[in-house]
Amino acid sequence: MVDIATRVYNHNWKIDPIVRSLIDTDFYKLLMCQFIFHRAPKVDVTFSLINRTHSIRLAEIVDEGELREQLDHIRTLRLSRGESTWLRGNMFYGKRQMFRPDFMEWFEDFRLPPYHLEKREGQYELTFEGPWHEVMLWEIPALAVIMELHSRAVLRNLGRFELQVLYARAMTRLWEKIERLRALPDLKLADFGTRRRHSFLWQDWCVQALMEGLGPAFIGTSNCLIAMRREVEAIGTNAHELPMVYAALAENDTELRRAPYRV
């Protein structure tokens with residue numbers, strides 16, 4: 001099992017890149033991406049990452065060089081052969097070949113488009129522009145990078161033993177929750193923690209703990225990479241992004257009323 005505290009103490013992103021795969025993302029993003037790829041391939045959008053907690057001045061906590069390094073690393077990622085095989089051949093929700101061949105051919109050659117990063121009033125403004133089905137795939141990795149760089153900055157001055165104790169306490173708290181959850185009849189629980197996770201290693205550890213602690217009551221994770229590696233169900237369908245964009249594209253009240261039902 002990975003020694004998370006030691007890996008955090010090393011603070012070496014080349015060992016622990018925050019996002020290590022194009023499928024280190026939520027399953028529903030890929031399902032929505034395929035939907036948009038087929039239904040709205042010519043729609044251009046602009047997405048921005050905004051910190052709604054203004055009291056946390058991220059640009060004063062997270063180093064800009066580290067942030068750019070992580071974002072640039074993500075832009076080098078491409079789908080591996082094993083990941084492509086998993087998406088093409090695995091069974092999701094009891095169905096094989098959920099991802100159509102034309103979408104997979106596009107995705108196998110895909111790299112994330114450029115980003116635009118600025119500092120303003122103690123915050124980062126991170127913006128992505130381009131075709132909807134390309135730009136949308138930045139959402140989860142961008143959020144994961146910001147969250148984990150913030151965590152790394154907060155933990156940077158802790159010593160090795162302090163980190164060991166910190167993670168031991170966190171693991172104990174999670175296991176205590178798992179023990180309480182076991183008592184609930186007909187429990188079904190899934191992990192949807194990717195976008196706001198402390199780190200990839202911590203999310204992966206939590207999924208393994210839930211698998212062992214809850215057994216069949218743990219029905220899967222939204223994170224495709226973890227689902228593939230741990231051989232659990234990839235969970236998710238779609239998010240509010242689809243009806244929101246269709247609502248923004250509406251040209252009159254009739255189209256606006258119909259927007260949620262175009263999904």
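Ala, Val, Leu, Ile, Met, Phe, Trp, Tyr, Cys and Pro count as nonpolar here, Asp, Glu, Lys and Arg as charged, and everything else, Gly among them, as polar. Keep in mind throughout that this is a predicted model.

**View 1. A closed-off space and the residues around it.** The model has two cavities of 30 Å³ or more, and this close-up is of the second largest cavity, with a volume of about 70 Å³. Around this cavity sit Val19, Ser21, Leu22, Asp24, Thr25, Ile74, Leu77, Phe107, Leu112, Leu137 and Pro141. Sort that lining by type and you get eight nonpolar residues, two polar and one charged.

**View 2. The largest pocket.** Here we look into a pocket holding about 1000 Å³ of space. Its lining takes in 27 residues, and those nearest the centre are Ser48, Ile50, Glu139, Leu143 and Arg195. Four elements each give two or more residues to this lining: α2, β1 (44-49), α8 (139-155) and α12 (241-249). Helix α8 makes the largest contribution, with six residues. By type, the pocket lining splits into 16 nonpolar, five polar and six charged residues.

**View 3. Lys29 up close.** Lys29 belongs to helix α2. Is Lys29 buried or exposed? Lys29 has 0% relative accessibility, so it counts as buried. Leaving aside residues up to four places away in sequence, Lys29 touches Met136, Leu137, Glu139, Ile140 and Glu241. Two names here may ring a bell: Leu137 also lines the second largest cavity, and Glu139 is among the residues nearest the centre of the largest pocket.

**View 4. The buried side of helix α6.** Helix α6 spans residues 101-108, and its buried residues are Phe103, Met104, Trp106 and Phe107. Those four lie on the same side of α6, because they cover an arc of only 160° around the axis. As background, an α-helix has 3.6 residues a turn, so residues three or four places apart point the same way. What lies over the buried residues of α6? The cover includes α2 (27-39), α5 (81-89) and α7 (132-135). Phe107 also turns up in View 1, in the lining of the second largest cavity.

**View 5. A hairpin of two strands.** Strand β4 (residues 116-120) runs antiparallel to strand β5 (residues 123-131), and five bridges join them. Across this pairing, His116 stands opposite Thr127 in β5. The two strands make a hairpin with two residues between them. In the turn, Glu121 has a positive phi of about 55°.

Methods: Residues numbered from 1 in each chain as written. Predicted model: local features only at pLDDT ≥ 70, side-chain atom pairs only at ≥ 80, totals over all residues. Heavy atoms only, no water. 1 Å grid on protein atoms, 1.4 Å probe; cavity = no way out; pocket = protein on both sides within 12 Å on 5 of 7 lines; lining within 4 Å. Points joined across faces, edges and corners; volume = space filled by probe spheres on them. Buried < 20%, exposed > 50% of the residue type's maximum accessible area, 1.4 Å probe, protein only. Arc of directions from axis to C-beta. Contact = heavy atoms within 4.5 Å. Pairing = 2+ DSSP bridges.
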